[in-house]
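Work through the exercises below with the sequence and the model open. Each task is followed by a stepwise solution.

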Amino acid sequence: MAYTEQEILAGLAEIVSEETGLPTDSVLPEKSFTDDLDIDSLSMMTIVTLAEEKFSVTIPDDEVKNLATVGDAVSFIAGAQA
Amino acid sequence: MTPVPDVVVTGMGATTPLGGDLTSTWNAALAGESGARPFDNDWVERYGLPVTFAATIKVSPRDVLPVPELKKLDPSAQYAMIATREAWADAGSPEVDRDRLGVVVSSGIGGIWTTLDAWDTLREKGARRVLPMTVPMLMPNSPTAFVSLELGARAGAHALVSACASGAEAIGYAVEMIRSGRADVVVAGGTEASIHPMPVAAFAASRTLSLRNDDPQAASRPYDVDRDGFVLGEGAGIVVLESAEHAAARGARVYARIAGVGLSSDGYHITSPEPSGDGQIRAMSAALKDSGVAARDVVHVNAHATSTVVGDLIEARSIRGLLGDEADHVALSATKSMTGHLLGGAGALETIFTVLALHDRQAPPTINVDKPDPELVLDLVRSEPRPLPDGQIAAVNNSFGFGGHNVALVITSA
């Protein structure tokens, strides 16, 4: 079963919120992980690991550097679903 | 030459099987309450554990810390963080020079929940599901490191490991940091969170845990003839130590002075204390000498006394051997009867109890001593707290660890 982009955003917002303490409604597609959400590389890898499990996808390490915003991550996950 | 600074206690905090903070913990200890309770999970049925209870933490960190901290800190670091925040606030949240602020927080076992959870994840789900924070959470310096980040401490962050003596050794090292001029203020103590079925099984395998499953609250009974082992506990105790000069300059409240530190090792056996108590006596003797306190001024000892058949009596004989007739006026307390054994947290929590005993002038009780061991050669404070004398008084806190580590701290009234 594929997740819709809206479902992915909601799930990702939950992961980011638990990692950072930010409210889920502040995790918006246009937000930058580093500049807006203040997420360091270790936290980013935690988010990636949890997102892979939640959405049953693989996010290769080489791809992570391209995920600048929450929207980038949502799009990648949506496309990576089997 | 600059004189060696006196080291005083200006803040304290704890989270323990008796309470989520120090006030509730101390009040429960004075009231003679037990923190032991049956496991509220399926461990006994699932793993066949021979021990069905422990002195688990009274207030879960889940009720205290925000979710991101729960996820980034091993439970041992969660307890340390909770106790640190209380201790730091208790000290007045002082503005201090961060380059002169140190941290020494120890654990005897380390981040074993994180280690074993990650191992479960690896086996069940594979390497890609193991979380990136696993190593910073499981490393034994994790609690001291996170406390140093919390406070921005830059004089040094250390984690001395000596099993059940770790918490006391941490405080001893913190005293040395201040005396040697490396720091003005050091946050120090111990923490442990190892009530997981594997360590329970392993301690049970070494035949050191009490098997009094039908009456957990009566299981920890140091110096009672029917004692049969210790009760596993968990939690943290943290103190804020300062040079007396630094404390005076900012008008800080002083609880007591850590006047002497004594360390030794048995060089004898990996788990059994050396039977003559020679190593324990050398540690206590060194601490007394370091403090300049005379044996006749020691009015209280918080014993290591874990409720094991052999260990309790060796310590009692050591105290008698060291103090001789002066031991007659020592009020001996064995607070593990109430808290259980916090392992790496024990020495720190019991240092705090010793400080409070001097500060409040009352020695805490030792519960469950229905029939004192006839070989006990000391005056045990039993069901009720006992008043301690006015004037300048001193006390000793002993901590001994698997491996033959002996730590004695001499504490004097403010």
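**Exercise 1. Determine how covered strand S4 of chain B is, and place its neighbours.**

Step 1. Count the burial. In S4(B), 7 of 7 residues are buried, so the strand is mostly covered. Buried means that 20 or more other C-beta atoms lie within 10 Å of a residue's own; exposed means 12 or fewer, and partly exposed is in between, with C-beta atoms placed from the backbone. Strands (E, at least two residues) and helices (H or I, at least four) are DSSP runs, numbered from the N terminus.

Step 2. Split by face. One side carries B:Leu101, B:Val103, B:Val105 and B:Ser107. The other carries B:Gly102, B:Val104 and B:Ser106. Both faces are covered.

Step 3. Find the partners. S4(B) runs parallel to S6(B) over 7 bridges, and B:Ser106 stands opposite B:Gly190 there. S4(B) also pairs with S5(B), in the parallel sense, over 3 bridges. In S5(B), B:Gly156 is the bridge partner of B:Gly102. Two strands pair if DSSP finds at least two bridges between them.

A note on the source: this is a predicted model, where local features need pLDDT of at least 70, side-chain atom pairs count only at pLDDT 80 or more, and totals for chains, interfaces and linings use all residues. Residues are numbered from 1 along each chain as its sequence is written, and chains are lettered from A and ligands numbered from 1 in the order in which they are written.

**Exercise 2. Lay out the sheet of 11 strands in chain B.**

Step 1. Write the order. The sheet is open and reads S5-S4-S6-S7-S1-S8-S15-S14-S9-S10-S12, with mixed pairing.

Step 2. Mark the edges. Strands S5 (156-158) and S12 (379-380) of chain B each pair on one side only.

Step 3. Check an antiparallel pair. S8 (residues 256-265) and S15 (residues 405-413) of chain B pair in the antiparallel sense over 9 bridges. B:Gly260 has B:Val410 of S15(B) as its bridge partner.

Step 4. Add the helices. H7 (residues 142-151) of chain B packs on the sheet and touches S4, S5 and S6 of chain B. The direction of H7(B) makes about 150° with that of S4(B). H8 (residues 166-179) of chain B also packs on the sheet; among the strands it touches are S1, S7 and S14 of chain B. The direction of H8(B) makes about 170° with that of S6(B).

**Exercise 3. Describe strand S9 of chain B and the burial of helix H12 of chain B.**

Step 1. Take S9 (residues 298-302) of chain B. It is mostly covered: 5 of its 5 residues are buried.

Step 2. List its pairings. S9(B) and S14(B) run parallel, joined by 4 bridges; B:His300 stands opposite B:Ala395. S9(B) pairs in the parallel sense with S10 (residues 331-333) of chain B over 3 bridges, where B:Asn302 has B:Ser333 as bridge partner.

Step 3. Turn to H12 (residues 309-323) of chain B. Its buried residues include B:Gly311, B:Ile314, B:Ile319 and B:Leu323. Their cover includes H11, S9 and S14 of chain B.

Step 4. Step past the helix end. B:Gly324 follows H12(B), with a positive phi near 60°.

**Exercise 4. Characterise the packing of H1 and H2 in chain A.**

Step 1. Get the geometry. H1 (residues 5-20) and H2 (residues 41-55) of chain A pack at about 140°, with axes 10 Å apart. Axes are lines fitted to C-alpha atoms, for helices over the stretch in contact, and angles run from 0 to 180 degrees between N-to-C directions.

Step 2. Classify. H1(A) and H2(A) are therefore oblique to each other. Under 35 degrees counts as roughly parallel, over 145 as roughly antiparallel, 65 to 115 as roughly perpendicular, and the rest as oblique.

Step 3. Identify the contact. Among its residues are A:Ile8, A:Leu12 and A:Ile15 of H1(A) and A:Ile47, A:Leu50 and A:Phe55 of H2(A). Contact means C-beta atoms, placed from the backbone, within 7 Å.

**Exercise 5. Examine the positive phi of A:Asp38.**

Step 1. Read the angle. Phi of A:Asp38 is near 55°, positive in a residue other than glycine.

Step 2. Locate the residue. A:Asp38 lies in the loop between H1 and H2 of chain A.

Step 3. Check exposure. A:Asp38 has 11 other C-beta atoms within 10 Å, so it is exposed.

How values were computed. Contact = placed C-beta atoms within 7 Å.
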